[in-house]
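Welcome! Keep the sequence and the 3D view open side by side, and try each exercise before you read its solution.

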Amino acid sequence: MRPPAYQVLADELRADITSGRLQPGERLPPEPELCIKTGVSRSTVREALRLLASQHLIITTRGVTGGSFVSHPDAEQLAAGLATGFTLLTNSTGVGLADLLELRRALEVPAAGLAALRRDDGHLFEIRGALFDPVLDDLDTMLAAHAAFHMAVAKATVNPLFELVVRPLYYASYGEQVTANLPENYWQHIDTDHQQLLECLVSRDAEAARRAATEHLDYIVRATQPVDVTPRYAG
């Protein structure tokens, strides 16, 4: 079955954007020109543009100087688009907690080393701001702070691809089966690990940062190993 005309046009424009034929900030042809070029109605063109805008690929403005322009890549927006598919996959029967932790290890250990070498004072300020108090803070606060901490470390690599891939790991909600069965001192241990990793970043010790990230994940594996569930991890 042939897809609707607006989908075909959106796919063609998306290909031009993702291939680099249309650069960030570049203006797309006006709607009347697209109608003539593609042989479709103006309503079809507008529907295609609305679809691309919903995917954060273009920005449409009104007025004399308005039009549709290719968006500048933004890791946070792009990651939000990946989150839905990622959540569906991690909640499927074929993906478990061990798979999540394996992916975290592949991403977060090298990211910690790069962050130690490349971070600036702004990155350190953001990472410090994501620390939590394991005694005073409630679970929701600690979960949110934990996510912010690891996303800030990924951002400190100054490689937007790390930030793009790491962010979806922290968008979905945590499974109660995981958070309800954690060791009593789990969040105190996580806080200590975060503090230790921050110290490595401050001292620009890449090797120590990678080691701290590895030990952090090793602890999470030990703490959650008895839990046989497929939802997202905690920690």
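**Exercise 1. The end of a helix**

Which residue follows helix 1, and what is the sign of its phi?

Solution. Start with two notes on the model. It is predicted, so local features need pLDDT of at least 70 and side-chain atom pairs count only at pLDDT 80 or more, while totals for chains, interfaces and linings use all residues. Residues are numbered from 1 along each chain as its sequence is written, and side-chain values use heavy atoms, with hydrogens and water left out.

Now look just past helix 1: the residue there is Gly20, and its phi is positive, near 95°. Helices (H or I, at least four residues) and strands (E, at least two) are DSSP runs, numbered from the N terminus.

**Exercise 2. The overall layout**

Find how many helices and strands the protein has, and the order in which they come.

Solution. Step one is the count: there are 11 helices and 2 strands. Step two is the order along the sequence, which reads α-α-α-β-β-α-α-α-α-α-α-α-α. Step three looks at burial, where buried means under 20% relative accessible area, exposed over 50%, and partly exposed in between (1.4 Å probe, protein chains only). Of the 235 residues, 44% count as buried. Step four turns to contacts (heavy atoms within 4.5 Å). Among those with a separation of 6 or more, 76% join residues 24 or more positions apart.

**Exercise 3. Helix 1 from end to end**

Check the span of helix 1, then work out where its buried residues point.

Solution. The expected span of a helix is 1.5 Å times one less than its number of residues. Helix 1 covers residues 5-19, so its 15 residues should span 21 Å, and its end C-alpha atoms are indeed 21 Å apart. Its buried residues are Leu9, Ala10, Leu13, Arg14 and Ile17. Seen down the axis, they fall within an arc of 135°, so they line one face of the helix; the arc is that of the directions from the helix axis to the C-beta atoms. Their packing partners are helix 2 (31-38), helix 3 (42-54), strand 1 (58-61) and strand 2 (67-70).

**Exercise 4. The nonpolar cores**

Which helices each supply at least two residues of the largest nonpolar core?

Solution. A nonpolar core is a set of buried Ala, Val, Leu, Ile, Met, Phe, Trp, Tyr and Cys residues joined through side-chain atoms within 4.5 Å. The largest one has 34 residues, and Ile127, Tyr186, Trp187, Leu197 and Leu201 have the most contacts inside it. The helices asked for are helix 5 (97-118), helix 6 (121-129), helix 7 (139-155), helix 10 (186-202) and helix 11 (206-224). Helix 11 gives the largest share, 9 residues. A second, separate core has 16 residues, including Ala10, Leu28, Ala48 and Leu57.

**Exercise 5. Pairs of opposite charge**

Find how many salt bridges there are, and look at some of them one by one.

Solution. Side chains of opposite charge can pair when their charged atoms come close. Here a salt bridge is a side-chain nitrogen of Lys or Arg within 4 Å of a carboxyl oxygen of Asp or Glu. By this rule the count is 10.

- Asp16 pairs with Arg21, with the closest N and O atoms 2.8 Å apart; Asp16 is partly exposed at 22%, and Arg21 is exposed at 55%.
- Lys155 meets Glu126 at 3.4 Å, N to O. Lys155 lies in helix 7 and Glu126 in helix 6, so this pair ties together parts that are 29 residues apart in sequence.
- Arg167 pairs with Glu163 at 3.2 Å between the closest N and O atoms, and both residues are buried.
- Glu31, Arg42 and Arg46 are joined into one network by salt bridges that share partners.

**Exercise 6. A charge without a partner**

Where is Asp193, and which residues does Asp193 touch?

Solution. Asp193 sits in helix 10. Lys and Arg count as positive and Asp and Glu as negative, while His and the chain ends are not counted. Asp193 is buried but has no salt bridge, and the nearest side chain of opposite charge, Arg222, is 7.3 Å away. Leaving out residues up to four places away in sequence, Asp193 touches His216 and Tyr219.
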